[in-house]
Amino acid sequence: MRAASALLALASLGVVSAQQVVTVKVGGDPGTLYTPNNINASIGTIVSFEFSGIPGNHTVTQSSLATPCEPLAGGFDSGWVFFNSSGPAPVWNLTITDDTKPIWFYCKQLEPILHCKNGMSGVINLGQGNLSAFKASASAVSTVGEAEGAFVGIGASATGAPSLAPGASYYNPSISVTPTAPPAGSATGSGASGGGGASPSKPPSSALATGASIGFTFLATAFGVALVL
Ligand SMILES: *[C@@H]1O[C@H](CO)[C@@H](O)[C@H](O)[C@H]1NC(C)=O
Ligand SMILES: *[C@@H]1O[C@H](CO)[C@@H](O)[C@H](O)[C@H]1NC(C)=O
Ligand SMILES: *[C@@H]1O[C@H](CO)[C@@H](O)[C@H](O)[C@H]1NC(C)=O
Ligand SMILES: *[C@@H]1O[C@H](CO)[C@@H](O)[C@H](O)[C@H]1NC(C)=O
Ligand SMILES: *[C@@H]1O[C@H](CO)[C@@H](O)[C@H](O)[C@H]1NC(C)=O
Ligand SMILES: [Cu+2]
């Protein structure tokens, strides 16, 4: 019985460590969409935003149900990603750190129309929430907030800027480094922190700290399981 439950615990740890990835396409026809815009993602899952719409210049920015087209204080923000090429699309990986509440997001772009007002918003882990109500509220806004967020958000975080191949460019007021496409299979968003040019006001260190604390929580959980055994 003890051995069986030990195996069960180890098996479930194995399931936890297997990386889940959900891909969301950013842009496309008519240019102001996330596809899909309603995503379920448990803790540790990577929501991989592919800025594949051509031409495109979009963001993935955390908002709230109350103000769907305004940045959430302390929320995540990819920065503006421009893409108009047949090469590899820029990718921004967001890792879920809390799956108990909805994570709302929108695009900050105002040109040539207000993207958020015109459908460019979405949600991770809607739960009992009402996406139609969120969308209706977004379509009624008259302004879209452009204030800058960080890579670390509430309930989800990235470790750096999106990957950029030729044909893509990036605009983010406090990041002076130009991200480069990471080698295939490299760690999430390693391009920006490796570049060493990020300004102190947008510290990769806090992203690393969050990563470290996630790692610690995971170890602590594993240790807790070991103690129980
Ligand atoms: C997310 O999970 C909930 C609860 O299991 C389910 O009702 C809902 O349909 C799922 N949504 C998506 C987009 O898969
Ligand atoms: C993308 O949009 C942002 C915000 O409007 C702008 O500052 C930036 O110059 C644009 N990038 C390109 C390449 O047009
Ligand atoms: C995108 O690229 C096409 C083909 O090179 C070009 O005609 C078009 O003007 C570009 N659009 C933008 C917004 O850069
Ligand atoms: C969701 O919101 C829409 C639009 O506001 C509304 O018509 C609908 O009744 C709501 N659904 C539920 C289950 O509350
Ligand atoms: C995003 O995550 C996927 C899955 O782990 C990985 O294959 C890919 O290299 C990552 N991309 C970036 C730009 O970090
Ligand atoms: Cu957009």
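1. Donors are N, O and S atoms within 2.8 Å of the metal (3.2 Å for Na, K and Ca); water is not among the atoms, so sites may look incomplete. In this predicted model, the donors of the copper ion (ligand 6) are spaced H-x48-C-x7-H-x4-M along the chain. They are His58 (ND1), Cys107 (SG), His115 (ND1) and Met120 (SD), at 2.0 to 2.5 Å from the ion.

2. The arrangement around the copper ion (ligand 6) is tetrahedral because its four donor atoms subtend angles of 92 to 126 degrees; four donors qualify if all angles lie between 85 and 135 degrees. Both His115 and Met120 are buried, that is, under 20% relative accessible area (1.4 Å probe, protein chains only).

3. The mean pLDDT of the chain, the predictor's confidence in each residue from 0 to 100, is 78, and 69% of the residues score at least 70.

4. Residues 1-14 stay under 50 in pLDDT, and the model gives them four contacts (heavy atoms within 4.5 Å) beyond four places in sequence. Residues 185-229 also stay under 50, with 42 contacts beyond four places in sequence. Where pLDDT is low, the predicted coordinates should not be read in detail.

5. On conventions, residues are numbered from 1 along each chain as its sequence is written, and chains are lettered from A and ligands numbered from 1 in the order in which they are written. Local features need pLDDT of at least 70, side-chain atom pairs count only at pLDDT 80 or more, and totals for chains, interfaces and linings use all residues, while side-chain values use heavy atoms, leaving out hydrogens and water.

Technical notes:
Tetrahedral: all angles 85-135°; square planar, octahedral: opposite > 155°, others 65-115°. Buried < 20%, exposed > 50% of the residue type's maximum accessible area, 1.4 Å probe, protein only.
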